[in-house]
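Biologist: I'd like to chat through this fold with you, strand by strand. Can you pull it up?

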Amino acid sequence: MTKSAKTSESFDPLNLGRFELHALIANGEASADIAASPWADAVQPVTKAEISLTADDGVVWARLNKSNEGLSRTRNQEEAVAGFRVVRRRLGAALAMVVQGDGVLVNGAPALPLAVLSVKDSLVLGPGRHFYVTQRLKAYLGPPPQHVLNKPCPFCQIPITDDTRVYVCPCGAAYHDETAESHAQIEPSERLSCVGKIDKCLSCGRRLTYDEFLEWDPATL
Ligand SMILES: [Zn+2]
Ligand SMILES: [Zn+2]
């Protein structure tokens with residue numbers, strides 16, 4: 001992979017984000033089979049983020065905690081139930097899982113030795129030990145990366161030039177985001193501040209935000 005020195009160095013055009021495994025805490029009584037227990041209205045599932053990893057982490061080995069329903073990182077592959085790694089896909093990223101233990105299920109079916117997981121997948125890593133896969137993303141904000149130059153902004157249709165500042169949604173759509181801070185020399189009425197004029201990405205429907213956000217929150221199950 002070649003690095004472009006001209007545009008912002010930290011920008012990853014595919015914004016792989018951070019994957020998280022959330023434990024489903026079964027309010028005291030652990031259910032052995034998630035498929036056999038559709039949530040009764042009275043039972044509010046509780047989820048908790050256990051492990052989070054980015055592509056920079058390489059392979060992360062995880063073991064089941066004995067003292068609680070969670071999961072911890074371990075350097076000792078022997079005691080790990082599975083290993084996880086963020087991998088690049090054509091668009092975005094996925095979470096690869098190498099299975100070490102027996103009885104691991106992905107979405108209710110026995111896991112292959114190497115499984116590729118995505119957001120909303122459910123995992124059973126041991127009897128009664130349920131987890132969900134989700135992803136934490138953040139939009140890029142800064143000078144236009146090479147690959148968005150000359151593409152029309154989905155809001156104003158004016159092509160992106162190298163003198164503007166852009167907000168790039170995780171889906172890849174790039175919007176003008178010129179502010180008093182970034183473009184002090186330009187009249188306020190002349191600034192292209194397209195992000196401020198819409199709530200949601202016109203391309204994918206994600207909410208436009210400068211904060212990190214969970215692509216899907218398992219607590220909303
Ligand atoms: Zn625009
Ligand atoms: Zn989008």
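Biologist: Which residues of S3 point one way, and which point the other way?

Modeller: Keep in mind that this is a predicted model. In a regular strand, side chains alternate between the two faces of the sheet. S3 has Trp 61 and Arg 63 on one side, and every residue on either side is buried. Pointing the other way from that pair are Val 60, Ala 62 and Leu 64.

Biologist: What are the bridge partners of Trp 61 in S5 and Arg 63 in S4?

Modeller: S3 runs antiparallel to S5, with three bridges joining them. S3 also pairs with S4, residues 71-74, in the antiparallel sense over four bridges, and a hairpin of six residues links S3 to S4. In S5, Trp 61 has Gly 83 as its partner, and in S4 the partner of Arg 63 is Ser 72.

Biologist: Which strand gives the largest share of the largest nonpolar core?

Modeller: That core has 30 residues, and Ala 62, Ala 82, Leu 95 and Met 97 are among those touching the most other members. Elements giving two or more residues include S1 (18-25), S3 (60-64), S5 (82-88) and S11 (129-137). The largest share is five residues, and it comes from S6.

Biologist: And what does Met 97 touch, leaving out residues up to four places away in sequence?

Modeller: Met 97 is one of the core residues that touch the most other members. With those sequence neighbours set aside, its contacts are Ala 82, Phe 84, Ala 115 and Leu 117.

Biologist: How many residues are in the second, separate core?

Modeller: Tyr 140, Val 168, Tyr 175 and Cys 201 are among its members. Altogether, that second core has 16 residues.

Methods:
Residues numbered from 1 in each chain as written. Chains lettered and ligands numbered in written order. Predicted model: local features only at pLDDT ≥ 70, side-chain atom pairs only at ≥ 80, totals over all residues. Core = buried A, V, L, I, M, F, W, Y, C linked by C-beta atoms within 7 Å. Buried ≥ 20, exposed ≤ 12 C-beta atoms within 10 Å, placed from the backbone. Contact = placed C-beta atoms within 7 Å. Pairing = 2+ DSSP bridges.
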